[in-house]
Each structure stands twice: as C-alpha cells, then as structure tokens.
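Student: Could you take me on a close tour of one part of this model, the largest nonpolar core and what surrounds it? I would like one connected explanation that I can follow with the structure open.

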Amino acid sequence: MMEVRNVALVLLLGASSLALAEDLTNVMTYLSQFGYLPPSVRNSSFGELLSPETITDAIKEFQSFAGLDVTGKLNNETKHTMSSPRCGVKDKGFRTKTRSKRYAHQGSKWAIKDITYKISKYPSRLSRSRTDSELKKAFRVWSDVTPLTFKQRSSGPVTIEIRFERGWHGDGGVFDGPGGVLAHASFPSNQGSYVHFDDSEHWTFDSYRGTNLFQVAVHEFGHSLGLSHSEKESSVMAPYHRYQPNFELDEDDIAGIQALYGKRKKLTPYKPPRSPKSPGDGNCKDETFEKVINNIKFTIRQRNCFWSFLS
Ligand SMILES: [Zn+2]
Ligand SMILES: [Zn+2]
C-alpha cells in the first residue's frame, strides 16, 4: 500500500527518487495532521484512495492558508514552512471557503465570564513561580480586551487545565520533541478545556532563542476561549510561532475575541457617596458687586451655590 502511495506521489510531483517520495509521505502526514487531508492518510493501510488532484488541492490550500505562493507544488518555501515550529491544532475544519483572511471561531464559547485555571503538571526545566507568572501574563492579554477574568487555582475543578507533557499523553495528540509541534489546546466544551505544552521544548522568556512560553500561551489560550487559527500572519492566532519582542494583540485577534465575549467595559470614574448631596451643576451663580472699605473701592466676585438633595 505504501508503495502505491509513493508511486502516485512520484507521478504527481515529477520526482524520480524514492527518497523524495519518502519525503512526500511525510508531507501527506503533515497535511492530514493539520486538517488538509483526511485523518485516514496517517493509517498505513491507506494510500491509493487519494487522487493526485486531491493532494495538489491540499497543498494549494495549505499554501493559501500559510500565505505562500499557491502553486500546488512542493517547493522549498512550502517545505520550509512545513518544518517551522507551530501549534498542534488543525488549521482547517472550522471555516468556510469564502471568508476573507481574518480570525476564525471554532463555534463554541464559555457562557461564564469568570474563568478558572490550574497548572496540573509543571514543566521539568522551568521554575514554578516563573511558569505561573508567564501564564498569568498571557491570560491578562485576553482579559485586557474582554470582560473575562482569569483566576489560578491549585486544586479542584477548573475551566482550563494546563499540563506540560511529552510524546503521547493520552488525548490523541503527540508531542514530537524540540521544534515541530509546540503545544495544543482544546476548545470550550462541557468538559472544560485543556492546554498542553511540549515539555521537551526549550521554553524561554524575552528572547529570540528557544520558544517563547508567554506568546505560545497567548495563542493556546485563544483556542481555549474559542478562536481557531487565523490566516492573517500578524495575528497571534496564526499557527506558526514567531517571536515578537514587544508583543501586542493584532486588531484581528481583538475583533475575534470581542465578537465572542464583547468588550471590556470602561472603568467608570469614582463617584463620592450622594448623601449629603453636593451642589449640582447649574446650582451655582456668580455675582459681582462693589464694596467700599476705608475709602477704597473693591470689586468683589462671589460664587454662590445652594445645596440640593437629589433622590
Ligand atoms: Zn493553534
Ligand atoms: Zn495533549
């Protein structure tokens, strides 16, 4: 079966070496993993069912989503993008074909505004306190632009459960060591949501080296709140990890999350208690009069206010 598939790929892509076909098998696995080809592609008994056109279309869709030239060919740029570190959540499956390049909703959201989370499994190579503070900062990115609040708990049931895991870890997803898939998350559901980070990544802070924990967390928490991958490259919900030194949400991210949860209400200025009432606007009158004191004439300006008790 594998040979049939490889032959089809060799024909499709004009390649003549089986080594390249092996490479293409990996490409098909990738396209399947991220939603461009059916999951059955990853099953070894499968292969001959896919036509070359289906594979070309999948490559084209991937190129379009990733903002590459849409050639349908497996050129170096395409292969390079496929080898870039990224989120493990599928790109496709939640969107319509006609929409423009912008945010996407998965289709579910939380009915509550006060979200709780806990870190059930901490990373093996970072301190707990630094992990807590980076993840708190990442949640704050979303609470700054919505009415949502995020509170960390150390035990008990929570809305979002966070774990640092390696390899297979029981949810059907697999972490692949340094690079490749960095993290994945589930969308809002009755069972709550989870966010898993690959514990074998070199997680870093404020650095171009390694993988920035804070920014990947902002992305994954976006999934936990109901956002899918955005095709807009500058969006934090784009599937590829790209470190930004002065990170800010893109307008696309803000529009996406506010379409689900609304805007954060502006803080109303503090008002003193109303009893007794202070003089209200319009209850004051400015008066000017002259007064002679010791043969010197003074012009006196006076503001007279009366107190009112408003209900
Ligand atoms: Zn993602
Ligand atoms: Zn997982």
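**A close look at the largest nonpolar core**

Tutor: Happy to! In this chain, residues 24 or more positions apart account for 64% of the contacts with a separation of 6 or more. Please keep in mind that this is a predicted model. The chain holds seven helices and ten strands, and buried residues make up 31% of its 311 residues.

Now to the core itself. The largest nonpolar core has 38 residues, and the members that touch the most other members are Ala138, Trp142, Ala183, Val195, Ala217, Val218 and Phe221. At least two core residues come from each of β2 (114-121), α5 (128-143), β4 (160-165), β5 (181-185), β6 (193-198) and α6 (213-224). The most generous contributor is α6, which gives six residues to this core.

Trp142 is a good place to zoom in. Leaving out residues up to four places away in sequence, Trp142 touches Leu148, Phe221, Leu225 and Ile257. One of these partners, Phe221, is itself among the core members with the most touches to other members. If you look elsewhere, you will find another core, lying apart from the largest one, with 17 residues that include Leu37, Ile59, Phe62 and Leu74.

Next, follow β2, one of the suppliers of the largest core. Strand β3 (residues 149-152) pairs with β2 in the parallel sense over four bridges, and within β3 it is Gln152 that serves as bridge partner to Tyr117. Together, β2, α5 and β3 form a right-handed β-α-β unit. β2 also pairs with β4, in the parallel sense and over four bridges; here Ile119 stands opposite Ile162 of β4. As you turn the view, one background point helps: in a regular strand the side chains alternate between the two faces of the sheet.

Finally, have a look at Tyr261, which lies in helix α7 (residues 251-261). Is Tyr261 buried or partly exposed? Tyr261 counts as partly exposed because it has 18 C-beta neighbours inside 10 Å, whereas a buried residue needs 20 or more. Setting aside neighbours within four places in sequence, Tyr261 is in contact with Lys109, Thr146, Pro147 and Leu148. Leu148 brings us back to Trp142, which touches Leu148 too. Tyr261 also shows how the chain folds back on itself: its C-alpha atom and that of Ile112 are separated by 9.6 Å, although the two residues are 149 residues apart along the chain.

Terms used
Residues numbered from 1 in each chain as written. Chains lettered and ligands numbered in written order. Predicted model: local features only at pLDDT ≥ 70, side-chain atom pairs only at ≥ 80, totals over all residues. Core = buried A, V, L, I, M, F, W, Y, C linked by C-beta atoms within 7 Å. Buried ≥ 20, exposed ≤ 12 C-beta atoms within 10 Å, placed from the backbone. Contact = placed C-beta atoms within 7 Å. Pairing = 2+ DSSP bridges. Right-handed = clockwise from strand over helix to strand, strands pointing away.
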